[in-house]
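Please look over the model below before reading these points. They cover two sheets, a pocket and a set of charged pairs.

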Amino acid sequence: MQEIREFNRFYTNLIGALDYSRKLHTPYTLTEARVLYELARSSGMDAADLRTELSVDAGQLSRMLAKFEERGLVSRTQSAQDARRQRVELTGGGRETAALLDERAQDAVAVMVGGLAAEERRRLTEAMRTVREVLGDARRPQAEVRMRKPRPGDLGWVIQRNAQVYTTEFGWNDEYEALVARIVADFAADFDPEHEAAWMAELNGEPAGWVMCVRDGSPETARLRLLLVEPGARGHGIGKRLVEECVGFARAAGYRELVLWTNDVLVAARRIYQEAGFELVKEEPHHSFGQDLIGQDWRLVL
């Protein structure tokens, strides 16, 4: 532990030697330069994704972007995927500035390691790669995904999390919470274990997702309902596994088709349905949950 602390002190002083505002003769701090660098590596990023990538405080990032925008380095527009998210892109001047910063940083590093022999440079590079790999893996907990049948309290969780997630991500009002509550109540009051089922997904032992397979109007038709994946649990294939559970159950129960209703703004969910073989059969605009939406009916022949 002491060796790690000593390395931390040394590395902190080393980074100080690369101070962008003093050593590189620029008006930007190291954090500001990191933001410009990340934006230069892409064609644009949502502000929320940029904040997560760099672990920057939301308020600090907002102030930096306002400063960049005032200087003509970035443009900020509404995200095409989510009106509540902000898309950030470098302007032509911003790309020139980022390129200049990168060039000066390269020069500063060259000066720092200029006195090292080729073998010393190789050892240094390998050591840095090892630190990144080992500590990077240590910071990422092993993802253990498990599917299970519902337990007491899960139905309440489903209502609460649907309401909170869809309000936060899409601005839906309490009409949606009321709808979810009715669906869950009907499922609990008239549950038929031979023809209906539900699954809770857990990530490292914590609730991470949910889906239901219920009877529909026709005896040969089942309906997939309330697919949800916790925002913090996305990227582990949980949505795909939940849909696979639902499809497998519907086939085993003797249904001929599996249907679902969703909305066009749920892009990630639609992608999962398409990969599972669902086909879009109907679209219709509607005003629900306080928003203008396009409802979609999807169907999978079993």
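1. Residue classes are needed for the pocket. Ala, Val, Leu, Ile, Met, Phe, Trp, Tyr, Cys and Pro count as nonpolar; Asp, Glu, Lys and Arg count as charged; the others, Gly among them, are polar. By these classes, the lining of the second largest pocket has 24 nonpolar, 9 polar and 13 charged residues.

2. The ground rules come next. This is a predicted model, where local features need pLDDT of at least 70 and side-chain atom pairs count only at pLDDT 80 or more, while totals for chains, interfaces and linings use all residues. Residues are numbered from 1 along each chain as its sequence is written, and side-chain values use heavy atoms, with hydrogens and water left out.

3. Now the pocket itself. On a 1 Å grid over the protein atoms alone, a pocket is an open set of points where a 1.4 Å probe fits, with protein on both sides within 12 Å along at least five of seven lines; lining residues have an atom within 4 Å of a point. The second largest pocket has a volume (the space filled by probe spheres set on the points) of about 1,200 Å³. It is lined by 46 residues, of which F170, R234, L266, A268 and A269 are the closest to its centre.

4. Which helices and strands each supply at least two residues of that lining? They are helix 7 (154-170), helix 8 (174-189), helix 9 (238-252), helix 10 (267-275), strand 7 (221-229) and strand 8 (257-263). Helices (H or I, at least four residues) and strands (E, at least two) are DSSP runs, numbered from the N terminus.

5. One open sheet has 7 strands in the order 4-5-6-7-8-10-9, with mixed pairing. Two strands pair if DSSP finds at least two bridges between them. Strand 4 (145-148) and strand 9 (279-288) are the edge strands, each pairing on one side only. From one strand to the next, the twist averages 20 degrees.

6. Within this sheet, strand 5 (residues 197-203) and strand 6 (residues 206-215) run antiparallel, joined by 7 bridges. A198 has M212 in strand 6 as its bridge partner. Helix 8 packs on the sheet, touching strand 5, strand 6, strand 7 and strand 9. The direction of helix 8 makes about 130 degrees with that of strand 7. Contact means heavy atoms within 4.5 Å. Angles run from 0 to 180 degrees between N-to-C directions, with axes fitted to C-alpha atoms, for helices over the stretch in contact.

7. Another open sheet has 3 strands in the order 1-3-2, with antiparallel pairing. Strand 1 and strand 2 stand at the edges with a single partner strand each, so one side of each has no neighbour in the sheet. Helix 2 (residues 30-41) packs on this sheet and touches strand 1, strand 2 and strand 3. Its direction makes about 90 degrees with that of strand 3.

8. The bridges fill in that picture. Strand 1 (residues 45-46) is joined to strand 3 (residues 86-90) by 2 bridges. M45 has V88 as its bridge partner, and D46 stands opposite R87. Strand 2 (residues 74-78) is joined to strand 3 by 5 bridges. T77 has R87 as its bridge partner in strand 3.

9. Last, the charged pairs. The count comes to 14 salt bridges, each a side-chain nitrogen of Lys or Arg within 4 Å of a carboxyl oxygen of Asp or Glu. R161 pairs with E230, with the closest N and O atoms 2.4 Å apart. R161 lies in helix 7 and E230 in the loop between strand 7 and helix 9, so the pair ties together parts 69 residues apart in sequence.
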